[in-house]
Amino acid sequence: MQRGFLLYFLITLIGLIFIGRLFQLQIIKGDSYDPLNNASVKIEFDYPERGYVYDRNGKLLVANQLSYDVMVQPDQVKPLDTIEFCQLLKIEKDDFLKRFNKAENYASYLPSVFLKQLAKQDFAYLQEKLHKYKGFYIQKRIIRNYPIKAAANVLGYIGEVNEEKARKSKYYQQGELEGKDGVEKQYEDILRGRKGKKYLNRNRFNKVTGSFQDGAKDTLPENGKDLTLTLDIELQVYAQKLMEGKRGGIVAIEPSTGEILALVTSPSYDPNMLVGRKRSKNSFILFNDSITKPSYDRGLLAAYAPGSPFKMMNALVGLQENVINTNTSFYCYGGYSYGNRKGEFMKCHCDIYGQPIKLKTAIARSCNSYFSNTYKRIVEKDKNPTEGLNNWYKHVSSFGLGDFLGYDLPAGVRGLIPDGNYYNKRLNYRWNGSSIISNAIGQGEILTTPIQLANFTAAIANRGFFFTPHIVKRIDRKTIDNPNYTVAKKTTINKEHFTPVIEAMQEVFKTGTGRWSQVKGIEICGKTGTAENFIIVDGYKQQLQDHSILVAFAPKDNPKIALAVFVENGGYGSTIAAPITSLIIEKYINGFISKANSYRELNMLNMSLQEIYAKQIPKPQEIASGTK
């Protein structure tokens, strides 16, 4: 009697457990139930087309092409002839074991990439044979294609999701592709779309028996959205050609919108190098080149001393703080004496010896004495250097210098604009304007990137405001409406102070340091610059060839383009940066280079600084002996 009751009780209890479990799965969890956690459900992914990318004029920059990956689901793999299988895939047995163990450690019940991006001919042959090897199958996937071999630093590339991210992500599986740099990374969520999923039931023999819940949870793929960039690819390609054989960066911006017209880093690479089976080999070469650094975006990441173009910043601050006006004059005797010790002398090459120099001439001829006097007056105003420099810092930072600009690309550095606290810590409060006088001419501790200087120039062109630089113009044909890019940022300098500075910048290309790079019919306003350049080799400071710099905008009224050009070790700003700048402006505004300037174009296209760069690489014996 008791045994019968116990048996009846156990049967009832087991029945209640089953009913409770069914109630939990179907009623309580309902739609929130994730079949991915069920080993009896197989998931097949349907990958969408990644969004296309176009330039501002509708030219295709990034397209798609089909790729074929060999997938593996370890818990479905049956014993196989590994030698035959390896011959089929053209891999070694050790490589097979390494790949299989990686997939098994990731998740034995989930598919992952075993061998990626087969060639088309290999795919056709393998497709006929793969049915013999249980647990392996071919997955079609979308990879990129770049019709124009330019702007790799802007476009970025796609690469595999690593194991760590795949474990944490609710969307990505190991081996899937995601944007890794540039626009591909910044706009990943928009470009990738959403993959479709098909859930299939399988029995204890891992054989598919039909759709899970009659396909109720299946989803269709959603293609990624297309992007239209602000980039003018013709201008980009032209600027890249001008920079061949040289190192540096060029950034061109439309002042009225903040749209980036060109973003050049040199040297660069063909973006197709990071597509397909050769990607691994090429990426090792590109990312480990510590000499030329082709994967390093100098336009966004290289922080240089701005040199003489920064004199315009000090002119604007001096006018705003009323320590100078357009009639203020200083004398130049070949340089500027400062400090309490003899020999502290900053040389000047303005060629106006012993005569009074006013603002317009000081900018046009790049007089160090004028701006050293101006900077000293700014810092020592009210006889309090800390407050004076902090006030100067407030004005300078309002132009976006010394901080991230907030543009829509993942790479960037702050640069450096020192304030009073910076020097109080470094110099223990024992400093004044003369102690930091190199800042007057854009040297000293000041560091800026090409995109920061291009934006600074756009703010001058606009007479006191700028729009945050950005690279995307439209998403799926819809113009961006992000207020970060569409609302103007005002500087702390009054509008009236820009007029004399702009007049002086125009004089640079009329009678000043940029006069040999004029373009007939276009009023160019700019400022040349030459920045000293040092490196440390084995603890020894070595001075190298100066950097060549120029910032400019054109035309003077209703400006269409503002840009900054940095050529590493290019010497005087008037020799290389100036002609490159005038060619880019002429090409963009006129659409062609005139016959009168064809000699200038040919000269810049053929100019190479490789011999100079080669001399900068210390030989092993020189490093060992400390001779450099």
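## Close-up views of a predicted model

**View 1. Strand β8 and its neighbour β9.** Let's start with a pair of strands in this predicted model. Strand β8, residues 196–202, is joined to β9 by three bridges, and the two run antiparallel. To find one contact point between them, look for Arg202, whose bridge partner in β9 is Val208. Stepping back a little, these strands belong to an open sheet of three, ordered β1-β8-β9 with antiparallel pairing. β1 (41–46) and β9 (208–211) stand at the edges with a single partner strand each, so one side of each has no neighbour in the sheet. On average, neighbouring strands of this sheet are turned by 35° against each other, direction ignored.

**View 2. Strands β3 and β4.** Here is another antiparallel pair: four bridges join β3 (residues 60–72) to β4. One place to look is Val72, whose bridge partner in β4 is Ser112. Is β4 mostly enclosed or mostly open? Six of the seven residues of this strand (residues 112–118) are buried, so β4 is largely enclosed by the rest of the structure.

**View 3. The largest nonpolar core.** In soluble globular proteins, nonpolar side chains tend to be buried together. The largest nonpolar core here has 135 residues, and Leu229, Trp392 and Ile580 touch the most other members. Helix α17 (residues 450–461) supplies the largest share of this core, eight residues. Which residues does Trp392 touch? Leaving out residues up to four places away in sequence, Trp392 touches Phe310, Asn314, Val317, Tyr375, Ile378, Ile417, Pro418 and Ile446. There is also a second, separate core of 20 residues, which includes Val77, Phe96, Leu126 and Leu130.

**View 4. Helix α10, inside and out.** An α-helix has 3.6 residues a turn, so residues three or four places apart point the same way. Keep that in mind as you look at α10 (residues 279–287), where the buried residues are Arg279, Asn282, Ser283 and Leu286. Seen down the axis of α10, these buried residues fall within an arc of 100°, so they line one face of the helix. They pack against β6 (158–160). Turned away from the buried side is a face of α10 that carries the exposed residues Lys281 and Phe284.

**View 5. Helix α2 and a cluster of rings.** In helix α2 (residues 82–89), the buried residues include Thr82, Phe85, Cys86, Leu88 and Leu89. The buried residues of α2 fall within an arc of 155° when seen down the axis, so they too line one face of the helix. On the other side of α2, you can find the exposed residues Ile83 and Gln87. Phe85 also takes part in a cluster: ring pairs link Phe85, Phe96, Phe100, Phe114, Tyr133 and Phe136.

**View 6. Two aromatic pairs.** The structure holds 22 aromatic pairs, and two of them are worth a closer look. The ring centres of Phe399 and Phe456 are 5.6 Å apart with planes at 65°, so this pair is edge-to-face. The pair links distant parts of the chain, 57 residues apart: Phe399 sits in the loop between α15 (385–397) and α16 (420–427), while Phe456 is in helix α17. Phe399 is buried, with a relative accessible area of 0%, and Phe456 is buried at 0% relative accessibility. In the other pair, the rings of Tyr423 and Trp431 have centres 5.6 Å apart and planes at 50°, so the pair is tilted. Tyr423 is buried, with a relative accessible area of 2%, and Trp431 is buried, with 8%.

**View 7. Two cis peptide bonds.** Where are the cis prolines described here? The peptide bond from Ser266 to Pro267 is cis, with omega near 0°, and Pro267 lies in the loop between β12 (259–266) and α10. The bond from Ala554 to Pro555 is cis, with omega near -15°. Pro555 is in the loop between β22 (540–554) and β23 (561–567).

**View 8. Two residues with positive phi.** Lys293 is a residue other than glycine with a positive phi, near 50°. You will find Lys293 in the loop between α10 and α11 (298–301), where it is partly exposed, with a relative accessible area of 36%. Asp382, also not a glycine, has a positive phi near 60°. Asp382 lies in the loop between α14 (368–379) and α15, and it counts as exposed at 68% relative accessibility.

Notes:
Residues numbered from 1 in each chain as written. Predicted model: local features only at pLDDT ≥ 70, side-chain atom pairs only at ≥ 80, totals over all residues. Heavy atoms only, no water. Pairing = 2+ DSSP bridges. Axes fitted to C-alpha atoms, helices over the stretch in contact; angles between N-to-C directions. Buried < 20%, exposed > 50% of the residue type's maximum accessible area, 1.4 Å probe, protein only. Core = buried A, V, L, I, M, F, W, Y, C linked by side-chain atoms within 4.5 Å. Contact = heavy atoms within 4.5 Å. Arc of directions from axis to C-beta. Phe/Tyr/Trp six-rings, centres within 6.5 Å; stacked < 30°, edge-to-face > 60°.
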